[in-house]
Amino acid sequence: MRMASALLRSRVPQNEADVPFQEVLPLRLKNHVSGKTDKTSDVACLQEMAVLFSCLKTNDFNESLCAKEVGNFQRCYKVFLDKKTAKKETSSKGVLVAGKDLNYKQLNKVLKKYPTSAQH
């Protein structure tokens, strides 16, 4: 164990001039992106759900005693669904909103406007 720690202490960083850069792929963007990773997990209202479940657990799963928590959860979920449908409508229309996260279709539309050249 002592030998390993002695070796690690004496190691010096590698000189960058000794390692030349080798371009494996061209250093430019493609003119499109794939939509594989555009799937987002729809997790909504976790706080409200946790409060609801704790209320149900303390009241032996009697919903009538947790009416306030059930109402809060339903309101939160309705707001989530409204936002989700609004986002889906804007993305289906192809409206580009500056400063917002773009899905892959909107990104492809922007990349078509500004294509990269085939030259280096």
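**Entry 1: confidence**

pLDDT is the predictor's confidence in each residue, on a scale from 0 to 100. I began there, since the model is predicted. For the protein chain I found a mean pLDDT of 82, with 84% of the residues at 70 or more. I then looked up where confidence is lowest and where it is highest. The lowest is helix α1, residues 2-9, with a mean of 64; the highest is α2, with 94. Where pLDDT is low, the predicted coordinates should not be read in detail. I made my notes on other helices.

**Entry 2: the chain as a whole**

I counted the elements next. The protein chain has 4 helices and 0 strands, and along the sequence they give the pattern α-α-α-α. Of the 120 residues in the protein chain, 12% are buried. I noted an exposed area of about 11200 Å² for the protein chain, with 58% of it supplied by carbon and sulfur atoms. I also looked at contacts with a separation of 6 or more: in the protein chain, 55% of these are accounted for by residues 24 or more positions apart.

**Entry 3: helix α2**

I checked the length of helix α2, which covers residues 46-58. Its 13 residues should span 18 Å at 1.5 Å a residue, and the end C-alpha atoms are 18 Å apart, so the two agree.

Which residues of α2 are buried? I found L52, C55 and L56. They cover an arc of only 100° around the axis, so they sit on the same side of α2. On the other side I noted L46, Q47, K57 and T58 as exposed. I then asked what covers the buried residues of α2. The cover includes α3.

V51 is also in helix α2. I have V51 down as partly exposed, because its relative accessibility is 34%, and buried would need a value under 20%. After α2 comes D60, and I noted its positive phi, near 55°.

**Entry 4: helix α3**

I ran the length check on α3 as well. Its 27 residues reach 39 Å from the first C-alpha to the last, close to the 39 Å expected at 1.5 Å a residue. The buried residues here are E69, V70 and G71. I looked for what they pack against, and the buried residues of α3 pack against α2. Seen from α2, I had already noted α3 among the cover of its buried residues.

K68 lies in helix α3 too. Is K68 buried or exposed? At 62% relative accessibility K68 counts as exposed, because the cut-off for exposed is over 50%.

I took two distances between residues of these helices. K68 and C55 are 13 residues apart in sequence, and their C-alpha atoms are 9.9 Å apart in space. V51 and F73 are 22 residues apart in sequence, with 8.8 Å from C-alpha to C-alpha.

**Entry 5: aromatic rings**

F73 led me to the rings. A pair of aromatic rings is described by the distance of the centres and the angle of the planes. How many aromatic pairs does a search of the whole structure find? The search gives 2.

One pair is F73 and Y77: the ring centres are 6.4 Å apart and the planes stand at 20°, so I recorded the pair as stacked. The cut-off for stacked is under 30 degrees. Both residues lie in helix α3 (residues 67-93), 4 residues apart, which is about one turn of the helix.

Then I took Y77 and F80. Their ring centres are 6.0 Å apart and their planes are at 35°, so this pair is tilted. Y77 and F80 both lie in helix α3, 3 residues apart, again about one turn of the helix. An α-helix has 3.6 residues a turn, so residues three or four places apart point the same way.

Y77 takes part in both pairs, and I noted one aromatic cluster formed by F73, Y77 and F80. Y77 counts as partly exposed, because its relative accessibility is 39%.

**Entry 6: N108**

My last look was at helix α4, residues 104-113, where N108 is found. N108 is buried, because its relative accessible area is 16%, and the limit for buried is under 20%. What is N108 in contact with, leaving aside its neighbours within four places in sequence? I found H32 and V33.

Conventions
Residues numbered from 1 in each chain as written. Predicted model: local features only at pLDDT ≥ 70, side-chain atom pairs only at ≥ 80, totals over all residues. Heavy atoms only, no water. Phe/Tyr/Trp six-rings, centres within 6.5 Å; stacked < 30°, edge-to-face > 60°. Helix = DSSP H or I, 4+ residues; strand = E, 2+ residues; numbered from the N terminus. Buried < 20%, exposed > 50% of the residue type's maximum accessible area, 1.4 Å probe, protein only. Contact = heavy atoms within 4.5 Å. Expected span 1.5 Å × (residues − 1). Arc of directions from axis to C-beta. Areas by Shrake-Rupley, 256 points an atom, 1.4 Å probe, with all protein chains shown as cover.
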